[in-house]
Amino acid sequence: MHPQGFHSAWIGLQDFVKEGLHRWVSVQKMDRDLIYWMPGEPNNVITSWDIDNAGQDCVAIVPPADIEAEDWLNTWDDIVCVGERNYICETMALSLP
Ligand SMILES: [Ca+2]
Ligand SMILES: [Ca+2]
């Protein structure tokens with residue numbers, strides 16, 4: 001079972017501008033030292049219901065069911081860019097008083 005009902009979250013990484021070239025939606029390049037693909041990903045699978053053959057161009061954290069807290073790295077999966085999901089954004093850290 002997914003922890004506390006969490007299923008997945010968009011992380012703002014995409015390759016819909018150029019297939020295979022993943023960039024952050026902020027247009028920043030991906031830091032090659034900070035990549036956490038799930039094994040076998042990104043695979044740009046075109047599903048049978050993907051009538052536009054759009055493939056998978058948006059990246060989400062999709063932890064497998066029954067995952068343990070220490071396994072939350074390497075959970076990036078490119079998926080079809082549809083559906084409401086949680087999302088994660090980068091922001092400045094709050095300064096403490
Ligand atoms: Ca893709
Ligand atoms: Ca995929």
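**Exercise 1. The contacts of S8**

Task: Find which side chains make a polar contact with the side chain of S8 in this predicted model, and at what distances.

Solution. Start with H7: its side chain makes a polar contact with the side chain of S8 at 3.0 Å. Next, turn to R85, whose side chain makes a polar contact with that of S8 at 2.7 Å. Now place S8 in the chain: this serine lies in the segment before β1. Its relative accessible area is 3%, and the cut-off for buried is under 20%, so S8 counts as buried. To complete the picture, list what S8 touches beyond four places away in sequence: I61, V62, R85 and N86. R85 thus appears both as a polar partner and in this contact list.

**Exercise 2. The partners of β1**

Task: Work out which strands pair with β1, and in which sense, parallel or antiparallel.

Solution. Begin with the overall layout. The chain has 0 helices and 5 strands, giving the pattern β-β-β-β-β along the sequence. Then take the partners of β1 one at a time:

- β3 pairs with β1 in the antiparallel sense over 4 bridges; here V59 is the bridge partner of L13.
- β2 also pairs with β1 in the antiparallel sense, over 2 bridges; on this side L13 stands opposite W24.
- β5, residues 86–87, pairs with β1 in the parallel sense over 2 bridges; A9 stands opposite N86 there.

L13 is therefore a handy residue to click on, with V59 of β3 as one bridge partner and W24 of β2 opposite it as well. Last, ask how enclosed β1 is. Of its 6 residues, 5 are buried, so the strand is largely enclosed by the rest of the structure.

**Exercise 3. The nonpolar cores**

Task: Identify which residues form the largest nonpolar core, and which elements give two or more residues to it.

Solution. First collect the members. The largest nonpolar core has 7 residues: I11, L13, M30, W37, V59, I61 and W76. Then assign them to elements: β1 (9–14) and β3 (58–61) are the ones that give two or more residues. These two strands also pair with each other, in the antiparallel sense. There is a second, separate core of 6 residues, which includes W10, C58, A60 and I79. For background, nonpolar side chains tend to be buried together in soluble globular proteins.

Now zoom in on M30, a member of the largest core. Leaving out residues up to four places away in sequence, M30 touches L13, H22, W24, I35 and W76. H22 deserves a look of its own. This histidine sits in the loop between β1 and β2, yet its relative accessible area is 8%, so H22 is buried. Its contacts, counted with the sequence neighbours left out in the same way, are L13, Q14, D15, M30, W37, P42 and V59.

**Exercise 4. The calcium site**

Task: List which residues coordinate the calcium ion (ligand 1), and determine how their positions are spaced in sequence.

Solution. Go through the donors. D15 (OD) and E19 (OE) are each listed twice, and they are joined by N44 (OD1), Q56 (O) and D57 (OD), at 2.3 to 2.7 Å. In sequence, the spacing of the donor residues is D-x3-E-x24-N-x11-Q-D. Two of them, D15 and N44, link distant parts of the chain: D15 is in the loop between β1 and β2 (23–24), N44 is in the loop between β2 and β3, and they are 29 residues apart. Finally, compare their exposure. D15 is buried, with a relative accessible area of 1%, whereas N44 is partly exposed at 22%.

**Exercise 5. The disulfide**

Task: Find which cysteines form the disulfide, and which hand it has.

Solution. A search of the whole structure finds 1 disulfide. Its partners are C58 and C81, with sulfur atoms 2.0 Å apart. The torsion about the S-S bond is about 105°, so this disulfide is right-handed. The link spans 23 residues, from C58 in strand β3 to C81 in the loop between β4 (76–79) and β5. As for exposure, C58 is buried at 13% relative accessible area, while C81 is partly exposed at 35%. A further cysteine, C89, counts as exposed at 57% relative accessibility.

Key:
Residues are numbered from 1 along each chain as its sequence is written. Chains are lettered from A and ligands numbered from 1 in the order in which they are written. This is a predicted model: local features need pLDDT of at least 70, side-chain atom pairs count only at pLDDT 80 or more; totals for chains, interfaces and linings use all residues. Side-chain values use heavy atoms; hydrogens and water are left out. A nonpolar core is a set of buried Ala, Val, Leu, Ile, Met, Phe, Trp, Tyr and Cys residues joined through side-chain atoms within 4.5 Å. Buried means under 20% relative accessible area, exposed over 50%, partly exposed in between (1.4 Å probe, protein chains only). Contact means heavy atoms within 4.5 Å. Donors are N, O and S atoms within 2.8 Å of the metal (3.2 Å for Na, K and Ca); water is not among the atoms, so sites may look incomplete. Two strands pair if DSSP finds at least two bridges between them. A disulfide is a pair of cysteine sulfur atoms within 2.5 Å. A polar contact is a pair of N or O atoms within 3.5 Å; within protein, one must be able to donate a hydrogen and the other to accept it, and residues adjacent in sequence count only if both atoms are side-chain atoms.
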